[in-house]
Amino acid sequence: MTTARPSEIHALNGARAIPPLVLVLFHFCEQRGYFSVRAIDLFVGKGYLWVEFFFALSGFILIHVYGARFKMSGYVTFLKTRLARLYPLHLATLLLLLALVWFTRAIAPLTGHTSIFDQPYHPIVSGITFVANLFLVQAWNLFPYLSWNAPAWFVSVEFLLCILFPVFAFLARGGRRRGILLIGAGIAGLVALAATSGNDGLDITFHNGIFRGMAGFAVGAGMAVVYRGLKRIDIHLVNVLQVGVLAGLIFSIYFGGERHTGNDVVVAAWMMALIFVLALDKGVVARVFQTGVLTRLGEWSYAIYLVQFPLLQALRTIRQYYPPEFRVLGEYSGAVQWAEAGVLLAAAIGLGAALTIFIERPAHARLRRLITARA
């Protein structure tokens, strides 16, 4: 039995559900400490690599949708359309963090505490970085630190990739060989970054995050070119590929060596390969990602990713008011840590859903209508 290449890829919608949830736990554990449960800590500890998945997914989808028909005459409209997708949630979460900064500084004198934004290791919330965040250039190697809504560095790089899209669209015009060359170039770029990043591996954000994004985007673009050449593929082969890639990803996470080393590239490669095999939209693994719960979480994934940081800072503020009973030998108990993680995940999902429904979708629809009318 063979299956045709689908025109709409449902499995990739569900696949977007997992990465932001893992990233929420990764940032929580990096701030609060890990759970001392090996099976969880290894999986969460390499959570930063799911950013590669998103960069590659972006390259795959944009080349799949726009690549073959992209023309420079429509470049400005393309940029406006992409900004209509990226900017409303970015602005909403940036303003949410601004409100949190004002609130914590306002109540600090009243409660005898210091705002978390005035403590050591606080997020950078200066005026110049706020302007940079407004213009989505904060991650273009302009500052030696993350600022404001730190995870939005990804959005800044995505914006740059949209500006550079004509280059990728040109490189993606070709057959399977062109696609393989793009994939190879992207992987080579990731290897070079991991080798030159010191002890960071691929955990690169404000410095050279733009090159990390270009490399991942190139891999996704190359996979889209190869995917474009597929006609029919045996369903049994699809099952073998999907199970094999998923098994390879799990093995590389748990047995692929230390994180923040060159081993990061292997894990990232399996993550990006998962995009290609799920894009076939048939098979046993794809059916899991087509379920209603994962599809819905996938729809909220962008908002979940962006709202996590304001929630983490709100959690840091609330911690100042914990009763002494929450501490064991001077540290918060394990039960408190597990409770915090659960509440954080639930809050990120709930607020992410609300932001998607009440801000992202209406703002995106309205902006698209304006863009279409002017075009």
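# Reading a predicted chain

Trainee: Is N239 buried, exposed or partly exposed?
Mentor: This is a predicted model, and every value here is computed from it. N239 has a relative accessible area of 24%. Buried means under 20% and exposed means over 50%, with partly exposed in between. So 24% makes N239 partly exposed.

Trainee: In which helix is the place of N239?
Mentor: Look at the residues 235–255, which form one helix. N239 has its place in that helix, α11.

Trainee: Which residues does N239 touch, leaving out those up to four places away in sequence?
Mentor: Set aside the residues up to four places from N239 in sequence. What N239 then touches is G283 and V284.

Trainee: How far apart in space are N239 and L312, C-alpha to C-alpha?
Mentor: Start with the sequence, where N239 and L312 are 73 residues apart. In space, their C-alpha atoms are apart by 39 Å.

Trainee: Let us step back to the whole chain. How many helices and strands does the secondary structure come to?
Mentor: Look for both kinds of element in the chain. The secondary structure comes to 15 helices and four strands.

Trainee: What does the globule rule give for the radius of gyration of 375 residues?
Mentor: The chain itself has a radius of gyration of 21 Å. That is close to what the rule gives, so the chain is as compact as a globular protein of that length. The rule's value for 375 residues is 21 Å.

Trainee: What does the C-alpha trace span along its principal axes?
Mentor: Take the C-alpha trace of the chain along those axes. The spans are about 65 × 50 × 40 Å.

Trainee: What share of the residues is buried?
Mentor: Buried means under 20% relative accessible area. Among the 375 residues in the chain, the buried share is 51%.

Trainee: Among contacts between residues at least 6 apart in sequence, what share joins residues at least 24 apart?
Mentor: Count the contacts in the chain between residues at least 6 apart. The share that joins residues at least 24 apart is 80%.

Trainee: How far apart lie the centres of the positive and negative side chains?
Mentor: The chain has 31 positive and 17 negative side chains. Each set has its own centre. The two centres lie apart by 15 Å.

Trainee: Now to one helix. Why do the buried residues of α6 line one face?
Mentor: Helix α6 runs over residues 127–134, and T129, F130, A132 and N133 are buried. Seen down the axis, the buried residues of α6 line one face because they fall within an arc of 160°.

Trainee: Which residues are exposed on the other side of α6?
Mentor: The buried residues of α6 pack against α5 (75–111). On the other side, the exposed residues are G127 and I128.

Trainee: Which residue with a positive phi follows α6?
Mentor: The residue lies in the loop between α6 and α7 (153–163). At 1% relative accessibility, it counts as buried. Its phi is about 60°, although it is not a glycine. The residue that follows α6 is L136.

Trainee: H260 also has a positive phi. Near what value is the phi of H260?
Mentor: H260 has its place in the loop between α11 (235–255) and α12 (263–278). H260 is a residue other than glycine, and its phi is near 60°.

Trainee: Is H90 buried or exposed?
Mentor: H90 has its place in helix α5. Beyond four places in sequence, its contacts include N133, L136 and Y302. Its relative accessibility is 1%, so H90 counts as buried.

Trainee: Is T81 buried or exposed?
Mentor: T81 lies in helix α5. Residues more than four places away that T81 touches include Y66 and H364. Its relative accessible area is 10%, and the cut-off is under 20%. So T81 is buried.

Trainee: How far apart are the C-alpha atoms of G352 and L89?
Mentor: G352 has its place in helix α15 (residues 334–374). At 0% relative accessibility, G352 counts as buried. G352 and L89 are 263 residues apart along the chain. Their C-alpha atoms are separated by 9.7 Å.

Methods
Residues are numbered from 1 along each chain as its sequence is written. This is a predicted model: local features need pLDDT of at least 70, side-chain atom pairs count only at pLDDT 80 or more; totals for chains, interfaces and linings use all residues. Side-chain values use heavy atoms; hydrogens and water are left out. Helices (H or I, at least four residues) and strands (E, at least two) are DSSP runs, numbered from the N terminus. The radius of gyration is taken over C-alpha atoms; the globule rule is 2.2 Å times the number of residues to the power 0.38. Buried means under 20% relative accessible area, exposed over 50%, partly exposed in between (1.4 Å probe, protein chains only). Contact means heavy atoms within 4.5 Å. Lys and Arg count as positive and Asp and Glu as negative; His and the chain ends are not counted. The place of a charge is taken as NZ of Lys, CZ of Arg, CG of Asp or CD of Glu. The arc is that of the directions from the helix axis to the C-beta atoms.
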